[in-house]
Amino acid sequence: MELFLTELKIVDDSALLIEWNDGLRRRYEFSQLRTACPCAACRHSKSEEPADPMKLPLLSPSEIEPIKITQMVPAGNYAYRITFSDGHNTGLFTFELLRELGNTVE
């Protein structure tokens, strides 16, 4: 069965709700999607050595704010390019990846 989205909406300003053509509904926290970004830069940063825990990072004002989705644009009929409030937008979230992420909603 080919997977596609039948409903896509933002709920309570912190999550995305997707309903799939087979009736499955999943909730995706914005922060979870940002962390799961599949782009090359994000995959590379996940594989780097952890930062020195004794050094405190300097955070920009955008890094202090809770992450939000500012735009979702279809990429063909297989994925979405998501733009986050921190400006990041290089990951293509395929339907298969989206199906694996999130939590099932009754």
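**Figure 1. Overall view of the protein chain in the predicted model.** Of the 106 residues of the protein chain, 28% count as buried. The model is a predicted one. Four helices and seven strands make up the secondary structure of the protein chain, and along the sequence they follow the pattern β-β-β-α-α-α-β-β-β-α-β. Taken along the principal axes, the box filled by the C-alpha atoms is roughly 50 × 30 × 25 Å. Contacts between residues at least 6 apart in sequence include 39% that join residues at least 24 apart.

**Figure 2. Surface and charge of the protein chain.** The protein chain exposes about 7,000 Å², and 55% of this area is supplied by carbon and sulfur atoms. Its charged side chains comprise 11 positive and 16 negative ones. The centres of these two sets lie 1 Å apart.

**Figure 3. The aromatic pair of Tyr80 and Phe95.** Three aromatic pairs are found in a search of the whole structure. In the pair formed by Tyr80 and Phe95, the ring centres are 6.2 Å apart and the planes stand at 40°, so the pair is tilted; an angle between 30 and 60 degrees is neither stacked nor edge-to-face. The pair links distant parts of the chain, with Tyr80 in strand β5 and Phe95 in helix α4 (residues 95–100), 15 residues apart. Tyr80 has a relative accessible area of 14% and is therefore buried, since the limit for a buried residue is under 20%. Phe95 also counts as buried, at 8% relative accessibility. Together with Trp20, the residues Tyr80 and Phe95 form one aromatic cluster.

**Figure 4. The aromatic pair of Phe84 and Phe93.** The ring centres of Phe84 and Phe93 are 6.3 Å apart. Their planes meet at 65°, so this pair is edge-to-face, the cut-off for that class being over 60 degrees. Both Phe84 and Phe93 are buried.

**Figure 5. Surroundings of His88 in the loop between β5 and β6.** His88 is found in the loop that runs between β5 (79–84) and β6 (92–94). With a relative accessibility of 15%, His88 counts as buried. A polar contact of 3.4 Å joins the side chain of His88 to the side chain of Thr90. When neighbours within four places in sequence are left aside, His88 is in contact with Arg34, Cys37, Cys39, Cys42, Ile82 and Thr83. Three cysteines, Cys37, Cys39 and Cys42, are thus among the residues that His88 contacts.

**Figure 6. Thr83 in strand β5 and its contacts.** Thr83 lies in strand β5 and, at 14% relative accessibility, counts as buried. Residues up to four places away in sequence not being counted, Thr83 touches Lys68, Ile69, Thr70, Gln71, His88 and Asn89. The contact with His88 connects this view to that of Figure 5.

**Figure 7. Asp13 in the loop between β1 and β2.** Asp13 is located in the loop between β1 (5–11) and β2 (15–20). Neighbours within four places in sequence aside, the contacts of Asp13 are with Phe30 and Lys68. Lys68 is also one of the residues touched by Thr83. Asp13 and Ala75 are separated by 62 residues in sequence, and their C-alpha atoms are 24 Å apart in space.

Terms used. Residues are numbered from 1 along each chain as its sequence is written. This is a predicted model: local features need pLDDT of at least 70, side-chain atom pairs count only at pLDDT 80 or more; totals for chains, interfaces and linings use all residues. Side-chain values use heavy atoms; hydrogens and water are left out. Helices (H or I, at least four residues) and strands (E, at least two) are DSSP runs, numbered from the N terminus. Buried means under 20% relative accessible area, exposed over 50%, partly exposed in between (1.4 Å probe, protein chains only). A polar contact is a pair of N or O atoms within 3.5 Å; within protein, one must be able to donate a hydrogen and the other to accept it, and residues adjacent in sequence count only if both atoms are side-chain atoms. Contact means heavy atoms within 4.5 Å. Accessible areas come from the Shrake-Rupley method with a 1.4 Å probe; for residues, only the protein chains shown count as cover. Lys and Arg count as positive and Asp and Glu as negative; His and the chain ends are not counted. The place of a charge is taken as NZ of Lys, CZ of Arg, CG of Asp or CD of Glu. Rings of Phe, Tyr and Trp (its six-membered ring) pair if their centres lie within 6.5 Å; planes under 30 degrees apart count as stacked, over 60 as edge-to-face and the rest as tilted.
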